[in-house]
Structure formats: structure tokens, C-alpha cells
Amino acid sequence: MDLSTPGRQQPGEPSVAVAPAGRAVVAWWRRDAALAPRRDVVQIRRRASVSAPFIGPVTLSRKADNLAAPTDTAAAGALTLVGWTEAVGAVALRVTRGGAPPAVTRLAEPSPGDGIDVDIAPTGAALAVWGRDGGTVRFATRSAATGTWSAPADLSAPGARDARAAMAADGSSVVVWERGGVVEASAGDPGGAFAPAVALT
């Protein structure tokens, strides 16, 4: 089946996440020249279970020529997280639960890099990591108690790239990246505090 709708430019850089019960979300972006002025569009389709059809698409963001990177998605329990970066200097994150999604949270971030990785726990705790131009891994965490995101902060020393994040059901997490030919990792506790990085290779 087709998940995206027709547009002047084909969708690109899709991402997908599946929760244990089979609930799934697929996200992508595209530049839609049919809109004036042109817009970079982030869209998703969702399904409620293994046997349910995908519904949508739903447009999460529509900004004029400013999407800088692919999207990433995560799903846990009833929650879905979609993240992307914007060339205007922001990391955009949207958490949905069931029906109408809340507004996009935009974290001010000068010179975001070309990638983002996100994960979310059933409690609502969440994590986003990305690379800043110049080679520093940055991160922000979402509080399960308040639903607010922390300010972006450095996680690695300069020269890092290809950051990936994974979060457990209790909100603890591990982030890994490559720096100078060495894979490094930092472990986060359920409160969002990270230990100093250690070399794995």
C-alpha cells in the first residue's frame, strides 16, 4: 500500500517504529513545491495494531524551506515520538498519545547536524540525540513527570559522529557514537543524568 500522498517531490528518508503490541508509526519528509512558498513537510501514518490499517497521513510540521535532516521515530506503549532538525536552528520533537497530537516542541540549537535519533519509554520519558556541526554529540531528555524537554547539552567531546540512542522501559538509556575511530558510550539514569563516556573499542 502507498503510505505517502502524491506531491511535487517524492517523500524521502522514511523512518519506522513498532511498539510491542504491534502499534506502528512511519514518518518521512518531503519538499512540496505545490505550496506557495514551498514547504518542507513532515508527515506520519499510524496503525493501532498488527491487523489495523495505516491511517493518515497527518502533517506534523510545514515550514518554508527549512528542514535540515531526516526524521526519526520511536514508539512505546501508547506513545509515539517523532523528531527532526530544522536549518533555522532548532531540534523539533513531537510526542503523541492516541488522538490529536500536541504542539511541536522546538529546542533552540544553532547549527544542528544532519542526523537525529530518538527513543521513548512507556512512562513518557524520552531522549533525543543529534550531532552539532563541528562534531559534538548533543542531547535533550523529556521528563516523564512533567512532559517538558531539557535544554540541549553536550554529551561527547568534539570529533564525534553517528550518535544512536536506546531507552529502557524505566527511562534509563545508553547513547553510543564514533569518535576518532573508537566507539564510545554514555549511560543515562531514569532521571536523565549521563555518566562520563567510556570507550567500547
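This passage describes the overall make-up of a predicted model, one four-stranded sheet, a surface patch and the surroundings of one buried residue. In this predicted model, local features require pLDDT of at least 70 and side-chain atom pairs count only at pLDDT 80 or more, whereas totals for chains, interfaces and linings use all residues. Residues are numbered from 1 along each chain as its sequence is written, and side-chain values use heavy atoms, with hydrogens and water left out.

The chain contains 16 strands and zero helices; both are DSSP runs numbered from the N terminus, with strands (E) of at least two residues and helices (H or I) of at least four. Of its 201 residues, 47% are buried, a term for under 20% relative accessible area, with exposed meaning over 50% and partly exposed in between (1.4 Å probe, protein chains only). The chain exposes about 9300 Å², of which carbon and sulfur atoms supply 54%; accessible areas come from the Shrake-Rupley method with a 1.4 Å probe, and for residues only the protein chains shown count as cover. Among contacts (heavy atoms within 4.5 Å) between residues at least 6 apart in sequence, 36% join residues at least 24 apart.

An open, antiparallel sheet is formed by four strands in the order β13-β14-β15-β16, where pairing requires that DSSP find at least two bridges between two strands. Strands β13 (160-167) and β16 (198-199) are at the edges with a single partner strand each, so one side of each has no neighbour in the sheet. Six bridges join β13 to β14 (residues 173-179) in the antiparallel sense, and A166 is placed opposite V174 in β14.

Strand β15 (residues 182-188) includes V183, which is partly exposed at a relative accessible area of 31%. Together with V198 and L200, V183 makes a nonpolar surface patch of about 240 Å². Patches consist of residues with over 30% relative accessible area and no salt bridge, like charges being joined within 9 Å and nonpolar side chains (Val, Leu, Ile, Met, Phe, Trp, Tyr) within 5 Å; a salt bridge places a side-chain nitrogen of Lys or Arg within 4 Å of a carboxyl oxygen of Asp or Glu.

Elsewhere, strand β5 (residues 72-76) contains T73, which counts as buried because its relative accessibility is 6%. A polar atom of the T73 side chain lies 3.4 Å from the backbone nitrogen of V16, and the T73 side chain also reaches the backbone nitrogen of A17 at 3.4 Å. Beyond its neighbours within four places in sequence, T73 is in contact with S15, V16, A17, V25, A27, L81, V82 and V118.

Note on methods
A polar contact is a pair of N or O atoms within 3.5 Å; within protein, one must be able to donate a hydrogen and the other to accept it, and residues adjacent in sequence count only if both atoms are side-chain atoms.
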